[in-house]
Structures are given as C-alpha cells and as structure tokens.
Amino acid sequence: MRRYGAGRNLVMRYGVDVGRSGVKISSNGSHVFLPSIVSRAAGDGWGLIERRKREVLMNGVTRVQSLVFMYNGERWIIGDEQQRFGYSCANPMDTTKANPMTRLLAFGGMVAAGVGAAAEICLGLPAALFESELSRMLELMRGEHRFGIDGGEQPVQLKTLVVPEGLGLLVWACWVDDGLAHLSSLKRSTVVMDFGHRTTQLSLFRGLRLAPVGFVLNRAMGEVFESVLQRTIDEPLAMPF
C-alpha cells in the first residue's frame, strides 16, 4: 500500500465511498478499507495507536485498523482501535452527508492509500440528497488542503468530482475485459440497488444521468447481520454441524 509522500510527483486518483461502517477507497490499483470512527487525538494515547499501524490484507483489500493523521494543524484518529485507549468516538450518522465529517473521513482514506502533491477524487452522495447537497460538497472539497501522517502536513491541490451513489456500481457492471465500458449498456435505462449498512437505495439512471425517481429504505445489511447475531445468542443451535 502506498504511504504518504510515496506518490509525491504523481497525480493520484481516488474513488471514495464514505459509509456508516467504513470508508472504501480505490486508488491506482489498490483498495483500502478504513472504519468510519473518528476521534480527536488528545493526550498521549494516540502515540501508541500510531506505532501499531495494524493492517490486514484480505481478498485484495487492505483493512487499516486505525490511522493517525494531521489535517489543518489538528491531529485525528480514524479507525476502531482508539476506543480501547479511552477516546470518545464519533460515527457519521447525520441526516446530511455534505459536511466536514465526510470530508475528514475522505481525507483519512486518501492518506491511508497514499497522497501526492495533486489529487483527483470521485466522491459519492446519496441519490436522494444529490441535488440539494452537491454544491456544498464541492465547496468543502475544492482547492488546496493540508494533511499528512507522522506529525507532518503537505499541501495537496484537490480536484473533485461528486456523483450520485450507485453510479460507480453501474459503470463497474458495464466494464469489459479490455478496460473499456460497454457503451450500449451504459446508454440504457438501468435501476441500481445499493445495499448499505443502514439504508438501501434504489436509483434509476437513464444513461449516466440520475432520473428524479427512486427511494431509500431504512433497512439494509447491517440489520440483517445484527438480527442473525441476536438469534445466535438467544437461540443456540440444537445440533452442531
């Protein structure tokens, strides 16, 4: 996995999905997952977390347990280990997505994947919020930002594309082996169902344009996992297998 500064002379490109359970990043052939739990790095405990730098590679995705990084002069921890060190934590459960928390998580994901002096990022917004939050998200992301790891910061000139969530899945589904998209498939009207951790989105795309129809269901995969776990605890299996 690239570390901060490894691609300093490159224009790094990122596809970023900031979700309730984690930040998913694809960049220059690498794939990274970072839990969406944020803490201010107060006190001395962050040093122990920083030295651990635990990463697990599974099915081609690098899961970063916790990341300590700097943004605009402040030190932050993103991940799931800081809770054991007594840090209070925040999770992105707001009704809006175009906010500083989303930006912070996106930048943490970029740092985990590696950052150069210039970056291009594609970031998704929920389809139901796309029109109302697009300008705010672009305002938060555009221009120069300063972030990094190991106590240092470097200016990064950022170019941002914001798209409706589900569009990336549509383009990926139309990809063919030679590295090009199947254009006739992309031109069709297509319904995309996006199963998230807490919500399920249904969106209609006419070509690459989001149609003004669709819905959001406040039930999703996280609820399925939780219900299975609860039943396992409450109703032990009669026979092992």
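**Exercise 1. Is S203 buried or exposed, and which residues does S203 touch?**

Before we start: this is a predicted model.

Step 1. Find S203 in the chain: S203 sits in strand β13.

Step 2. Look at its relative accessible area, which is 2%. The cut-off for buried is under 20%, so S203 counts as buried.

Step 3. Now list the company S203 keeps. Skip the neighbours within four places in sequence, and S203 is in contact with A127, E165, T190, V191, V192 and L210.

**Exercise 2. Work out how the sheet that holds β13 is put together.**

Step 1. Write down the order of this open sheet: β12-β13-β14, so 3 strands, with antiparallel pairing.

Step 2. Pick out the edges. β12 (189–195) and β14 each have a single partner strand, so one side of each is left without a neighbour in the sheet.

Step 3. Check the turn: neighbouring strands here are turned by 20 degrees against each other on average, direction ignored.

Step 4. Zoom in on one pair. β12 and β13 run antiparallel and are joined by 7 bridges. For a sample bridge, take F195, whose partner in β13 is T200.

**Exercise 3. Trace the sheet of 11 strands, then see which helices pack on it.**

A quick reminder first: strands of a sheet pair through backbone hydrogen bonds, either parallel or antiparallel.

Step 1. Follow the order of this open sheet: β4-β8-β7-β10-β11-β9-β1-β2-β3-β6-β5, with mixed pairing.

Step 2. Mark the edge strands, β4 (38–40) and β5 (55–58), each of which pairs on one side only. On average, neighbouring strands are turned by 30 degrees against each other, direction ignored.

Step 3. Look for parallel pairs. β1 (residues 11–18) and β9 (residues 118–125) run parallel, joined by 6 bridges. β9 also runs parallel to β11 (residues 154–164), this time through 8 bridges.

Step 4. Use I121 as a signpost in β9: Y14 stands opposite I121, and I121 stands opposite T160 in β11.

Step 5. Find an antiparallel pair too. β5 and β6 (residues 61–64) run antiparallel with 4 bridges between them, and E55 stands opposite V64 in β6.

Step 6. Add the helices. Helix α2 (residues 100–113) packs on the sheet, touching several strands, including β1, β2 and β3, and its direction makes about 110 degrees with that of β7. Helix α3 (residues 130–141) lies across β9, β10 and β11, running at about 170 degrees to β11.

**Exercise 4. Place R136 and describe its surroundings.**

Step 1. Locate R136: helix α3.

Step 2. Classify R136. Its relative accessible area is 35%. Partly exposed lies between the 20% and 50% cut-offs, so R136 is partly exposed.

Step 3. Find its contacts. Leaving aside neighbours within four places in sequence, R136 is in contact with A98 and P100.

Step 4. Compare sequence and space for one of these: R136 and A98 are 38 residues apart in sequence, yet their C-alpha atoms are 6.0 Å apart.

**Exercise 5. What lines the second largest pocket, and which strand gives the most to the lining?**

Step 1. Start with the space inside, about 310 Å³.

Step 2. Count the lining: 18 residues, with A127, F130, E131, L210 and A211 nearest the centre.

Step 3. Sort them by class, which gives 13 nonpolar, 3 polar and 2 charged residues.

Step 4. Assign them to elements. α3, β13 (200–206) and β14 (209–217) each supply at least two residues, and β14 gives the most, with 8 residues.

Technical notes. Residues numbered from 1 in each chain as written. Predicted model: local features only at pLDDT ≥ 70, side-chain atom pairs only at ≥ 80, totals over all residues. Heavy atoms only, no water. Pairing = 2+ DSSP bridges. Axes fitted to C-alpha atoms, helices over the stretch in contact; angles between N-to-C directions. Contact = heavy atoms within 4.5 Å. 1 Å grid on protein atoms, 1.4 Å probe; cavity = no way out; pocket = protein on both sides within 12 Å on 5 of 7 lines; lining within 4 Å. Points joined across faces, edges and corners; volume = space filled by probe spheres on them. Nonpolar A, V, L, I, M, F, W, Y, C, P; charged D, E, K, R; others polar. Buried < 20%, exposed > 50% of the residue type's maximum accessible area, 1.4 Å probe, protein only.
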